[in-house]
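This note is meant for a colleague who has not yet looked at the structure. The points below are best read with the structure in view.

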Number of protein chains: 2
Amino acid sequence: MLSGRVPVSVYENPRLVEAVGVIREGLSKHITVFVSGRCRVEYEGRASSTLDWGERMIMIKSDGSVLVHRPVGYEPVNWQPSGCLFQTELTGDGNLKIKAIRHRPRESISIFFDKVYLVTVLDLIDTGEFALHASESQMREAILVKPSLVEKGFRPISREKDLGETGFIDVFGVDVEGKFVVVEIKRNPIGKDAVLQLSRYLESIRKKVNRPVRGMVVGPELRKGVQPLLERLRLEYRSLSPQKCFEVLRREKVKKISEFF
Amino acid sequence: MLSGRVPVSVYENPRLVEAVGVIREGLSKHITVFVSGRCRVEYEGRASSTLDWGERMIMIKSDGSVLVHRPVGYEPVNWQPSGCLFQTELTGDGNLKIKAIRHRPRESISIFFDKVYLVTVLDLIDTGEFALHASESQMREAILVKPSLVEKGFRPISREKDLGETGFIDVFGVDVEGKFVVVEIKRNPIGKDAVLQLSRYLESIRKKVNRPVRGMVVGPELRKGVQPLLERLRLEYRSLSPQKCFEVLRREKVKKISEFF
DNA sequence: ACGTCGATCTCGAAC
DNA sequence: GTTCGAGGTCGACGT
């Protein structure tokens, strides 16, 4: 913790005029302001909305983003993405008004409080790294690191091959007999859409190369009803879980570090 | 306010063991718990993620949803949708652990605090109505109320017509000359995807009716490059803003009320 | 239960 | 700057 920094300051049941001062000061310092109280909200922009009086929580972050949260629900009922400018004031009829405006697109939300239960000003420091594992691109990485995840003897030639209008191929390679293999990777259960997409890719490639090309979908499982479609289109399926790929990449990382020393 | 209800209770810089008690009590009462402190987060489920140590804000709502917010960014860095079950405890190495588990899909997040700056328990009541104006379905409503928004003499026949595998038509009707008109409504600028979708709908309908059918996209504007595609496919465009539709519906509402009295 | 579609989607990358 | 696609998308609605 930095010397002298007070991470959290709390103001309980402030008068509205006091709350205005605290909120303005927090916003001017570009730190986080958390307000709870009775309010109504108006939004005007890409759409427009009104939210009648009720008790809620408002979070204003240092990057100028705003969240209005009801007591239930994962999503904020009203919000503003980062980059807002703020006006905080007492209105003529004695409410506390916070207005957040952004440009491009031009939109604003106005929050009117007639009672504030709590204002918290938070000066937080967060440099911790966030890492999401086993995404679709990481599954591709894992296959390039360890091609046998697809099948024994598989050798990748290129990744993310551009087919022009048709789209991209996840992995393109040759099998143990030298036949081309087009691999379509999915992190989620494979549906008909993915199979048809692969089918379109194959059609595009077969036009160009004029020799046998295998098509393979790779993912954690097949949705039901997809197997017959695969057979009809003469495509193949290889089971591969994101977790397995994560393991492969983790081992590779360890290997690289031990080679380095 | 309900007699005796204390909307907000604040605990500043509690010892972790005290924080455990307060959080458990809040969760058991199914009210909102807000925690700020130094923490790390692990997620395991559809994907997996790790978030290293840093100072953040955690919101746990009465419906069992969880949000982990960094000091910047509109979106939570980690979260859990509603319906979670919770375990709150001190770990062997003296951290405060909050674990939120949900089933279908099976996933969990674990939040480990080594310092808690603030625990706030909020017993909020929020019955205020939320109204969003000028959605896509409201644009359809407006067209049914006032068909001339599409063009003079247009008469709607049906809405949300099912085309089986192809999808749905927003509005289907006849023009002043009795020709069929298929209307595709968009609240946002119209891109190629919407035009191609309309084109597929038309193809499907023309097979069935075997007489002239006009296709029209209706929305606030055309994305650039879409005009040539419209011309090539012999489709039409009619400008209509969500705001205009909102106005039409508002006037209709006023009219209905005045007819009632 | 599963699948499709819209969203004040948000966010990031590519062009 | 705009456009395009992915997301632990979420949430609503229909089957």
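**Notes on the protein–DNA contacts and the pairing of the chains**

1. The model is predicted. In chain B, Lys186(B) has a polar side-chain atom 3.4 Å from a phosphate oxygen of DNA strand C. Two elements give two or more residues to the surface near this strand, namely β5 (78–80) of chain A and β9 (130–133) of chain B.

2. Contacts to the bases are also present. The side chain of Asn78(A) places a polar atom 2.7 Å from a base oxygen of DNA strand C. For Arg46(A), an N or O atom of the side chain is 3.0 Å from a base oxygen of DNA strand C.

3. How many residues surround DNA strand C, and which are the closest? The strand is surrounded by 18 residues, and the closest are Arg46(A), Asn78(A), Arg223(A), Arg104(B) and Arg187(B). Of the atoms of DNA strand C that come within 4 Å of the protein, 79% belong to sugar and phosphate.

4. The composition of this surface may be noted as well. The residues near DNA strand C comprise eight nonpolar, eight charged and two polar ones.

5. The relation between the protein chains deserves a separate point. A turn of 180° with a shift of 0.1 Å along the axis lays chain B on chain A with an RMSD of 0.8 Å. This is the relation of a two-fold axis. Within chain B, the residue that comes closest to the rotation axis is Val10(B), whose C-alpha is at 4.3 Å.

6. Do the copies meet through the same surface or through different ones, and what indicates this? Of the interface residues of chain B, 98% are also interface residues in chain A, so the two copies meet through the same surface.

7. Over all chains, the structure holds five aromatic pairs. One of them is formed by Phe34(A) and Phe34(B): the ring centres are 4.0 Å apart and the planes are at 25°, so this pair is stacked. Because Phe34(A) lies in strand β2 (residues 32–44) of chain A and Phe34(B) in strand β2 (residues 32–44) of chain B, the pair joins two chains. Both Phe34(A) and Phe34(B) are buried.

8. A further pair is that of Tyr74(A) and Trp79(B), with ring centres 6.1 Å apart and planes at 45°, so this pair is tilted. The pair runs between chains, from Tyr74(A) in the loop between β4 (66–69) and β5 of chain A to Trp79(B) in strand β5 (residues 78–80) of chain B. Tyr74(A) is partly exposed, at 28% relative accessible area, and Trp79(B) is partly exposed at 35% relative accessibility.

Notes. Residues numbered from 1 in each chain as written. Chains lettered and ligands numbered in written order. Predicted model: local features only at pLDDT ≥ 70, side-chain atom pairs only at ≥ 80, totals over all residues. Heavy atoms only, no water. Near = heavy atom within 4 Å. Polar contact = N/O pair within 3.5 Å; in protein donor to acceptor, adjacent residues only side chain to side chain. Helix = DSSP H or I, 4+ residues; strand = E, 2+ residues; numbered from the N terminus. Nonpolar A, V, L, I, M, F, W, Y, C, P; charged D, E, K, R; others polar. Least-squares fit on C-alpha atoms with pLDDT ≥ 70 in both. Contact = heavy atoms within 4.5 Å. Phe/Tyr/Trp six-rings, centres within 6.5 Å; stacked < 30°, edge-to-face > 60°. Buried < 20%, exposed > 50% of the residue type's maximum accessible area, 1.4 Å probe, protein only.
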